[in-house]
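Biologist: Could you take me closely through the part of this model where protein and DNA meet, and then through the elements that supply that surface? I would like the contacts themselves before the packing behind them.

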2 protein chains.
Amino acid sequence: MLKLGKLTDYATVLLAAMAAEPERLHAALELSGRTSVAAPTVAKLLKQLQKGGLVQSARGAHGGYRLARAPGLVTVADVIRALEGPIAVTDCAVHDGGCAIEVGCAARAPFRLINAAVTQALEAVTLADMAASLSATPRRPAEVPLTEVPILFHPANSRPTSQVRAHVRRR
Amino acid sequence: MLKLGKLTDYATVLLAAMAAEPERLHAALELSGRTSVAAPTVAKLLKQLQKGGLVQSARGAHGGYRLARAPGLVTVADVIRALEGPIAVTDCAVHDGGCAIEVGCAARAPFRLINAAVTQALEAVTLADMAASLSATPRRPAEVPLTEVPILFHPANSRPTSQVRAHVRRR
DNA sequence: CGTAAAGAAGACCAAAGCAGTCCGGTTTTC
DNA sequence: GAAAACCGGACTGCTTTGGTCTTCTTTACG
């Protein structure tokens with residue numbers, strides 16, 4: 001499984017929809033209509049995303065939400081962190097202590113490695129990529145042309161978002 | 001969080017412990033003692049791992065469990081699959097249909113990409129790596145020397161376990 | 001200045017998944 | 001035949017998650 005929550009999934013869809021028109025204000029209800037996500041859920045999610053600093057809100061009539069940063073600077077990892085907290089494949093991969101085994105645990109170091117790699121993968125995809133894949137020529141899913149994305153893995157550097165980027169090649 | 005269950009974590013620890021002596025039979029109770037995982041839980045996990053084909057069992061007195069494959073051929077991804085089913089960051093990343101959005105969903109293709117990358121990372125670490133890191137010179141966690149592991153990302157090839165391997169460099 | 005359109009905040013609930021335990025049965029060794 | 005193991009479940013309590021509802025505040029516009 002290793003699943004992330006549905007809400008996180010929805011949030012990504014919402015943000016991707018917003019990324020198509022980054023400047024405009026998007027009302028929660030309008031986004032609900034465009035994405036088929038239930039209205040109360042959209043409202044809840046956008047509030048959480050605002051708390052997480054990913055979107056800005058404008059209150060009152062003709063209010064709505066807008067991306068706080070350019071689509072290319074918002075990664076999937078950011079979305080997950082805003083909704084589910086820090087990315088941690090296992091508890092011991094992030095915060096020390098609390099584990100009975102801890103010292104001499106064979107799995108600890110490898111899990112940290114894995115956690116870094118997973119984080120890396122999540123930081124490599126931005127809303128801009130999603131917005132682009134939306135307007136691309138529709139194709140059968142199986143041949144969606146995202147291929148051969150070399151990911152440089154560098155656990156020491158935990159925030160390589162801007163330098164190390166996935167190159168999404170489409171033919 | 002993107003967390004995997006505690007049981008999966010425990011299972012990895014158990015298997016790593018077994019990987020230290022791959023030939024020997026390990027009784028559930030004995031493994032419990034060595035890993036500080038509660039005995040009934042160990043029993044439950046080993047049963048599931050057997051069903052998943054990761055360990056072989058020998059019944060009767062002096063019975064126990066043994067790795068079904070060489071430690072270098074068992075990856076963390078295998079463990080997760082045995083206990084939690086297929087690796088799927090989101091539902092739509094794996095099985096088609098059932099999603100209201102589906103067609104024209106901006107998040108779908110990128111999530112597949114991410115899912116492949118995550119799988120890749122999980123396939124890159126084997127029990128042998130863990131057993132090695134266990135017997136390595138103990139160091140402060142912060143400077144655990146797992147660094148610079150280039151991961152070749154190739155979604156088309158979903159089972160690159162044996163070719164593409166993480167190079168765990170230690171100084 | 002009043003009304004309508006929006007977001008803010010949080011309480012609330014139902015359902016599902018997860019962790020953990022326990023039991024009775026079977027197989028093998030000594 | 002008794003003890004040491006694994007086998008196959010059932011079962012339960014708990015936490016998390018998804019989703020809805022209500023009430024309040026803010027702003028635009030006629």
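**The surface at the DNA**

Modeller: In this predicted model, a polar side-chain atom of Arg59(A) lies 2.9 Å from a base oxygen of DNA strand D. The elements that contribute two or more residues to the surface near this strand are helix H1 (6-20) and helix H3 (39-51) of chain A, together with helix H3 (39-51), strand S1 (55-58) and strand S2 (64-67) of chain B. H1(A) gives the largest share of the surface near DNA strand D, namely three residues. Two further polar pairs involve lysines of chain A: a polar backbone atom of Lys6(A) is 2.5 Å from a phosphate oxygen of DNA strand D, while an N or O atom in the side chain of Lys44(A) is 2.7 Å from a base nitrogen of that strand.

Taken as a whole, the surroundings of DNA strand D comprise 24 residues, of which the closest are Lys6(A), Lys44(A), Lys47(B), Ser57(B) and Tyr65(B). On the DNA side, 66% of the atoms of strand D that come within 4 Å of the protein belong to sugar and phosphate. Sorted by class, the residues of the surface near DNA strand D are nine nonpolar, 10 polar and five charged.

DNA strand C can be read in a similar order. This strand is surrounded by 24 residues, and the closest of them are Lys47(A), Ser57(A), Tyr65(A), Lys6(B) and Lys44(B). Sugar or phosphate accounts for 68% of the atoms of DNA strand C within 4 Å of the protein, and bases provide the rest. Of the polar pairs at this strand, one joins a polar side-chain atom of Lys47(A) to a base nitrogen at 2.8 Å, and another places a backbone N or O atom of Lys6(B) 2.6 Å from a phosphate oxygen. Ala61(B) also takes part through its backbone, where a polar atom is 3.2 Å from a base oxygen of DNA strand C.

The elements that each supply at least two residues of the surface near DNA strand C are H3, strand S1 (55-58) and strand S2 (64-67) of chain A, along with helix H1 (6-20) and H3 of chain B. H1(B) gives the most to this surface, with three residues, and the surface near DNA strand C divides into nine nonpolar, 10 polar and five charged residues.

Behind this surface, we can follow two of the contributing helices into their packing, beginning with H3(A). The axes of helix H2 (residues 28-35) of chain A and H3(A) come within 9 Å and cross at roughly 120 degrees, and H2(A) is therefore oblique to H3(A). The crossing in which H2(A) passes H3(A) is right-handed. From H2(A), Ala28(A), Leu31(A) and Ser32(A) meet Ala39(A), Val42(A), Ala43(A) and Leu46(A) of H3(A). This contact of H2(A) with H3(A) consists of six nonpolar residues and one polar residue, with no charged residue.

In chain B, the helix to follow is H1(B). Its axis and that of helix H2 (residues 28-35) of chain B come within 10 Å and cross at roughly 100 degrees, so H1(B) and H2(B) are roughly perpendicular to each other. H1(B) brings Val13(B), Leu14(B), Ala17(B) and Met18(B) to the contact, and H2(B) brings Leu31(B), Arg34(B) and Thr35(B). By class, the contact of H1(B) with H2(B) holds five nonpolar residues, one polar and one charged.

Two loops of chain A deserve a careful look at their backbone. Most residues other than glycine have a negative phi. Ser36(A), which is not a glycine, has a positive phi of about 65 degrees, and this residue is placed in the loop between H2 and H3 of chain A, the two helices that cross at roughly 120 degrees. His62(A) likewise has a positive phi, near 60 degrees, in a residue other than glycine, and the place of His62(A) is the loop between S1 and S2 of chain A. Those two strands, S1 and S2 of chain A, are among the elements that each supply at least two residues of the surface near DNA strand C.

Note on methods: Residues are numbered from 1 along each chain as its sequence is written. Chains are lettered from A and ligands numbered from 1 in the order in which they are written. This is a predicted model: local features need pLDDT of at least 70, side-chain atom pairs count only at pLDDT 80 or more; totals for chains, interfaces and linings use all residues. Side-chain values use heavy atoms; hydrogens and water are left out. A residue is near a molecule or strand if one of its heavy atoms lies within 4 Å of it. A polar contact is a pair of N or O atoms within 3.5 Å; within protein, one must be able to donate a hydrogen and the other to accept it, and residues adjacent in sequence count only if both atoms are side-chain atoms. Helices (H or I, at least four residues) and strands (E, at least two) are DSSP runs, numbered from the N terminus. Ala, Val, Leu, Ile, Met, Phe, Trp, Tyr, Cys and Pro count as nonpolar, Asp, Glu, Lys and Arg as charged, and the others, Gly among them, as polar. Axes are lines fitted to C-alpha atoms, for helices over the stretch in contact, and angles run from 0 to 180 degrees between N-to-C directions. Angles under 35 degrees count as roughly parallel, over 145 as roughly antiparallel, 65 to 115 as roughly perpendicular and the rest as oblique. A crossing is left-handed if the near helix is turned anticlockwise from the far one by less than a right angle, and right-handed if clockwise. Contact means heavy atoms within 4.5 Å.
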